[in-house]
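Trainee: I have a protein chain to learn today. Can we go through it in questions and answers?

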Amino acid sequence: MNDSTTRKTLGLKKKAAPAGGGTGEEPRKRSGARARQAALREHARQIRPEDGAEAESPKKAGTRRPARPDQPARHTDSERTARPKSGAPARARADQPYADRPRPDGPRKPRADRPDARPPRRATLDARPFARRDAGTDARPDAPDTEKPRVQRLPRAPRQPRIAETFEVFAPCPHGLEEALALELQALGHEAVRAGRAGCHFQADWAGVLRANLYSRLATRILVQVARAEVRDEDDILALARDTEWERWFGPEQSLRVDTSAIRSPMRSLQYCNLRAKDGICDRLREREGARPDIDTVRPDARVHLFLDERHATLYLDVSGESLFKRGWRLDKGEAPLRENLAAGLLALSDWPPDAPLLDPFCGSGTLLIEAAWIALGVPPGIWRPFGFERLRAHDVRLWRDLKEDARARIAPRLEQPLVGCDIHPGAIEAARANAERAHLSPDTIRFEICDARQMPPPAPAGWIVTNPPYGERLADEDRDLWPEWASWLKRHYGGWWLNVITSDLDLPGRMRLKARRRHPLHNGALDCRLFQFELVAAGYRNKA
């Protein structure tokens, strides 16, 4: 390289000064994190100067409006930033506390002396039931008492518990089980229970209505009274049905069925009374909701029952749907099936304790023994079946679920005493075992055997025999010797047992040469029956009619 070559150097030329004068130098521009730190330091320097005086922002200093004489001076951005919020403790500076700073508009006047001041708020329970502790307090903590608004705090009134609606309820049952049903309803906690004709009246709230459906073993259905009035003719029935609030329970989107029964009613045609009640319900829903419900006599969503006596008409809402004796497990039936609620009634009238052995020597399809197993295990009869109230508008799903969960938690795992059934027909034993399996019972819960009752050995030293033997048309002419032969077997092998037999043969004690200690009138369907109870003593009742 030639040493004479001219070297070029990098130089900075100064810009020409502006026409208006000045040095022409611009402040250095920064970016990034350092720029933000510099901006924060500059902002802090403007807000908190070292001499303690209030500094104004450069942008706001030249554009500040003068305060009007009739308006208090506004605070600058720095003053608003430094001023603490209402109700919060004052933030002290390093060299001067906030309370000692001079105010631009002079000392603060009391709230009551200011011309534009509003009256202080008073927190009361009616206006603000959940008022904050600092509600209406915007004075400084170190201000005198005259500046702090006085808050009037009233004592909180105790919450009144919501009173549950009580319904008048009627639970029909088979004839002869009224007293047993009354005792059952009282055990369930229902009030004002009184036995009537083929049923019981009681009072319950809606939860009690659900419990009655779930736990009652003797009732046929649960009817909730919704209207009652004195009637003279069919038009009064129409008016009563039209004035009842059916829209509370169901609407036109649900199907309907109406049934009518009467005792000593002067009405000429119950079918016409049923039609008038149905028309009144449909007219009410058409006026209120614009449509009539469909009629379904097989599987309706809502069931209404009209009951007539000598002077009154009562409208019930059937909340059970299918009859309560339909537990959901009996599909195989014998020659003379015994309804489940009647079987439970026989066990109740016989005074059988659930922890004692039980034998049914004519078990048939096993209805009586399955009911006894559910009683001994504590299984509610309605735990696995649907109900009519589940399709109503007022159905509380959560309440119903809680009731069933509580009932399932109380079911015992197994039985301590034997339950035994026998029958001479193999088909009946097969049907009984199938029904027990559908009833969610394990195979060892009930022992079913194919055996003749006149040869069945006792399963325990003492216990109860509750049975529904063949009688009437089911008893052939060649089986007339059944009763004395069976009674002789019982006297020899079943001393100390209690025998309970339901039959329509009122001469049964004489045929068995036994003396009945008690007899209960019952109805098994259309048959007028008796439940005879005998105390079996070894070699007893000899030569006694």
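Trainee: Which elements are included in what covers the buried residues of α12?
Mentor: Keep in mind that this is a predicted model. Start with the buried residues of α12: Leu 482, Trp 483, Trp 486, Ala 487, Trp 489, Leu 490 and Lys 491. Their cover includes two strands and a helix: β11 (464-467), β12 (498-503) and α13 (508-512).

Trainee: How far apart are the end C-alpha atoms of α12, and why does that agree with its 12 residues?
Mentor: Helix α12 covers residues 482-493. Count 1.5 Å a residue, and the expected span is 16 Å. That agrees with the distance between the end C-alpha atoms, which is 17 Å.

Trainee: β11 and β12 came up as cover. In what order do the strands of the open sheet of seven stand?
Mentor: The pairing in this sheet is mixed. β11 and β12 stand next to each other in it. Read across, the order is β10-β9-β8-β11-β12-β14-β13.

Trainee: Which strands stand at the edges, and why is one side of each left without a neighbour?
Mentor: An edge strand here has a single partner strand, so one side has no neighbour in the sheet. Two strands fit that: β10 (447-450) and β13 (518-524).

Trainee: By how many degrees are neighbouring strands of this sheet turned against each other on average?
Mentor: Ignore the direction of the strands for this one. The average turn between neighbours is then 20 degrees.

Trainee: Which residue of β10 stands opposite Cys 422?
Mentor: Look at β9 (residues 419-423), which runs parallel to β10. Four bridges join the two strands. Opposite Cys 422 stands Glu 449.

Trainee: At what angle does helix α8 run to β13?
Mentor: Helix α8 (residues 340-349) lies across several strands of the sheet: β8 (358-360), β11, β12, β13 and β14 (527-535). Against β13, the angle is about 175 degrees.

Trainee: Now two helices. How are α6 and α7 packed, by angle and by distance between their axes?
Mentor: Two packed helices are described by the angle between their axes and the distance between the axes. Here the pair is α6 (residues 234-242) and α7 (residues 270-289). α6 passes α7 in a right-handed crossing. The angle is about 30 degrees, and the axes are 7 Å apart.

Trainee: How many residues of the contact of α6 with α7 are charged?
Mentor: Among the contact residues are Glu 234 and Asp 235 of α6, and Arg 276 and Asp 279 of α7. Seven residues of the contact are nonpolar and one is polar. The charged ones number eight.

Trainee: Last one. What share of the 545 residues in the protein chain is buried?
Mentor: The chain has 13 helices and 14 strands. Buried means under 20% relative accessible area. By that cut-off, the buried share is 40%.

Technical notes: Residues are numbered from 1 along each chain as its sequence is written. This is a predicted model: local features need pLDDT of at least 70, side-chain atom pairs count only at pLDDT 80 or more; totals for chains, interfaces and linings use all residues. Side-chain values use heavy atoms; hydrogens and water are left out. The expected span of a helix is 1.5 Å times one less than its number of residues. Buried means under 20% relative accessible area, exposed over 50%, partly exposed in between (1.4 Å probe, protein chains only). Contact means heavy atoms within 4.5 Å. Two strands pair if DSSP finds at least two bridges between them. Axes are lines fitted to C-alpha atoms, for helices over the stretch in contact, and angles run from 0 to 180 degrees between N-to-C directions. A crossing is left-handed if the near helix is turned anticlockwise from the far one by less than a right angle, and right-handed if clockwise. Ala, Val, Leu, Ile, Met, Phe, Trp, Tyr, Cys and Pro count as nonpolar, Asp, Glu, Lys and Arg as charged, and the others, Gly among them, as polar.
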